[in-house]
Amino acid sequence: QPTDITIPKGITFVSTLQDGSSVAFNTFEDSPMVDTGLAAGEAATEIWAATIFVAQGTFANKTWTVTGSDQKYFIEQANVDTDFLTVAVRPTEASTTQDIWFYGKTLTEVGPHTEAYFLSEYNDGIELYFGNNVIGKQLSVGNVIEAEYLVTEGDTANGLREFSLTTDIAGYSRSDFVISAVSPATDGAGRETEASIKYLAPLSYQRQNRIVTIDDYKTAILEQYNNVKAINAWGGEDAEPPEFGKVFVSVAPAVGDAVSPTTKKSIEEDVLRKFSVVGVTPELLDPEYLSINLDTTVYYNKDKTTLKPSEISGLASVAINTYFEEAVADYNQSFKYSKLLTAIDGVHPSVTHSLADVTISKAFTPTSNVAGTYQLKYYNAIDPNTLVSETWTTTNSQEASLRDDGIGNIDLYLNNILSRQQVGIVDYETGIIDLPGFNAQQQTIGPISITSTPKILDVDVKYDNLARLG
């Protein structure tokens, strides 16, 4: 029985791509494990556990000895993740102590004696450079620079969630450790494209290293984080209900449903709080996905085509997916019923017209056997007596579901029989659902989806909502 176990920085995990090749993930800080007090069996010792963050890539090092003020310091390797770059300086070759220098992203945070380094692109790699005792501290001849950095493979590893250890830890065999992914690998991205630089450069110059307008929030995040599918920002005065003195920002990653916890923390600390004006509190929200469900019927003249019904259906499906990808993929891009049908009607000359029944869904994940408060926001008016959840199995093996009563209350049904009234409320005009103190008593933890029929077939998408095809 150990007294403590720490997973140290630099421990390597591997995962396998579809082509059979392996990619490495590394811990980037020491992570202590905690005795959970649980035993794995009658004669087992205690179970120790930890939730850790790993970054895709392998660590590399480079060292330079300063010989003069005109010396250049290059890291020629491509795909260096500068978020995991550490630069340390030792006074001399013989010194055993070192100072960690920080990355000077803006001149306003660097004084003449600040131990800061700066970065610029150099071919496929990067160049480190240092101050001149006016902006940043100048290096001295004989100083030793040590750089440790992570070399990644871009977006190759996005979506991986099966990992294995490559080494033993703290004297324990790698086979003693059970590994499960809390979330799949996300946020991997390639080098910023030339088109992205051309788009952001004038916006960055206009921002002048401060955040004042709503668009400044978007620009500041895009400067630091390019793995973005969509981004939205709005003032608290425009929220429902209003929250004055706040600004809300929602970021959807290119891969996955939400940015990773480490990226979220970086955006909050290095961007939003750092550059936001005094008196304004920024808040970063994960996207809320609004599923738009379609039951579509396509009518066509069989005398004008040799296509089979299944082939017409296939063309319509492609048109529906294309419409969502092009017209309803971003924040504030609302679903337009007539435009969808126009896209379907145009798939083939034999198609005469089409119709679609539309419902909208949102999901929440309750904590099993614990009463919690949950809120789902459609931000669209819904018809009474159309709200119904998917069915889940309770801990005592009953089939449970939620339904509205037509006057604003949400009731709980067990085995299709009304069991408990008013477990929640729904505002039919705003489409906001509240479940205060709700205990789902789920047998298996998982999301519960609630579906309703919108009053208007055009579905608005705003704030942190993102629409997708259900």
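1. The loop between strand E21 (372-377) and strand E22 (388-389) holds Asn385. In this predicted model, Asn385 has a positive phi of about 65°, although it is not a glycine. The residue is exposed, with a relative accessible area of 58%; the cut-off for that term is over 50%.

2. A second residue other than glycine with a positive phi is Tyr463, where the angle is near 60°. Tyr463 belongs to the loop between strand E28 (448-452) and strand E29 (465-469). Is Tyr463 buried or exposed? Tyr463 is buried, its relative accessible area being 10%, whereas Asn385 is exposed.

3. A further backbone feature is a cis peptide bond, which runs from Glu240 to Pro241 and has an omega near -5°. Pro241 is placed in the loop that lies between strand E16 (228-235) and strand E17 (246-253).

4. Strands E23, E24 and E25 may be read in succession. Strand E23 (residues 392-393) pairs with strand E24 (residues 399-404) in the antiparallel sense, over two bridges. Trp392 has Ala400 of E24 as its bridge partner. Five residues lie between the strands of this hairpin, in which Ser397 takes a positive phi near 65°.

5. E24 is also joined to strand E25 (residues 409-414), by five bridges and again in an antiparallel arrangement. Here Leu402 stands opposite Leu412 of E25. The hairpin of E24 and E25 has four residues between the strands, and Gly406 takes a positive phi near 90° in it.

6. Helix H5 (residues 337-345) has Tyr337, Leu340, Leu341 and Ile344 as buried residues. Seen down the axis of H5, the buried residues fall within an arc of 95°, and they therefore line one face of the helix. Lys339 and Thr342 are exposed on the other side of H5. Which elements cover the buried residues of H5? Among them are strand E19 (288-300), helix H4 (309-327) and strand E20 (351-364).

7. Strand E19 also contains Ser291. This serine is buried, with a relative accessible area of 17%; the term applies because the value falls under the 20% limit. Leaving aside neighbours within four places in sequence, Ser291 is in contact with Thr359, Ile360, Ser361, Arg468 and Gly470.

8. Helix H2 (residues 214-224) packs with helix H3 (residues 261-275) at an angle of about 125°, and their axes are 10 Å apart. The two helices are therefore oblique to each other, since an angle from 65 to 115 degrees would count as roughly perpendicular and one over 145 as roughly antiparallel. The crossing of H2 and H3 is right-handed. On the side of H2, the contact is made by Tyr217, Ala220, Ile221 and Gln224, and on the side of H3 by Ile267, Val271 and Leu272.

9. One open sheet has seven strands in the order E8-E14-E10-E11-E12-E13-E9, and its pairing is mixed. Its edge strands, each of which pairs on one side only, are strand E8 (58-65) and strand E9 (73-75). On average, neighbouring strands of this sheet are turned by 30° against each other, direction ignored.

10. Within this seven-stranded sheet, E12 and E13 stand next to each other in the order. Strand E12 (residues 116-122) and strand E13 (residues 125-130) are paired in the antiparallel sense, over six bridges. Leu119 has Leu128 of E13 as its bridge partner.

11. Another open sheet consists of four strands in the order E7-E3-E2-E15, and its pairing is antiparallel. What are the edge strands of this sheet? They are strand E7 (54-56) and strand E15 (164-165), each of which pairs on one side only.

12. In the interior of that order, strand E2 (residues 12-16) and strand E3 (residues 22-27) run antiparallel and are joined by five bridges. Ser15 stands opposite Val23 of E3. As a general point for reading such strands, side chains in a regular strand alternate between the two faces of the sheet.

Note on methods: Residues are numbered from 1 along each chain as its sequence is written. This is a predicted model: local features need pLDDT of at least 70, side-chain atom pairs count only at pLDDT 80 or more; totals for chains, interfaces and linings use all residues. Side-chain values use heavy atoms; hydrogens and water are left out. Two strands pair if DSSP finds at least two bridges between them. Buried means under 20% relative accessible area, exposed over 50%, partly exposed in between (1.4 Å probe, protein chains only). The arc is that of the directions from the helix axis to the C-beta atoms. Contact means heavy atoms within 4.5 Å. Axes are lines fitted to C-alpha atoms, for helices over the stretch in contact, and angles run from 0 to 180 degrees between N-to-C directions. Angles under 35 degrees count as roughly parallel, over 145 as roughly antiparallel, 65 to 115 as roughly perpendicular and the rest as oblique. A crossing is left-handed if the near helix is turned anticlockwise from the far one by less than a right angle, and right-handed if clockwise.
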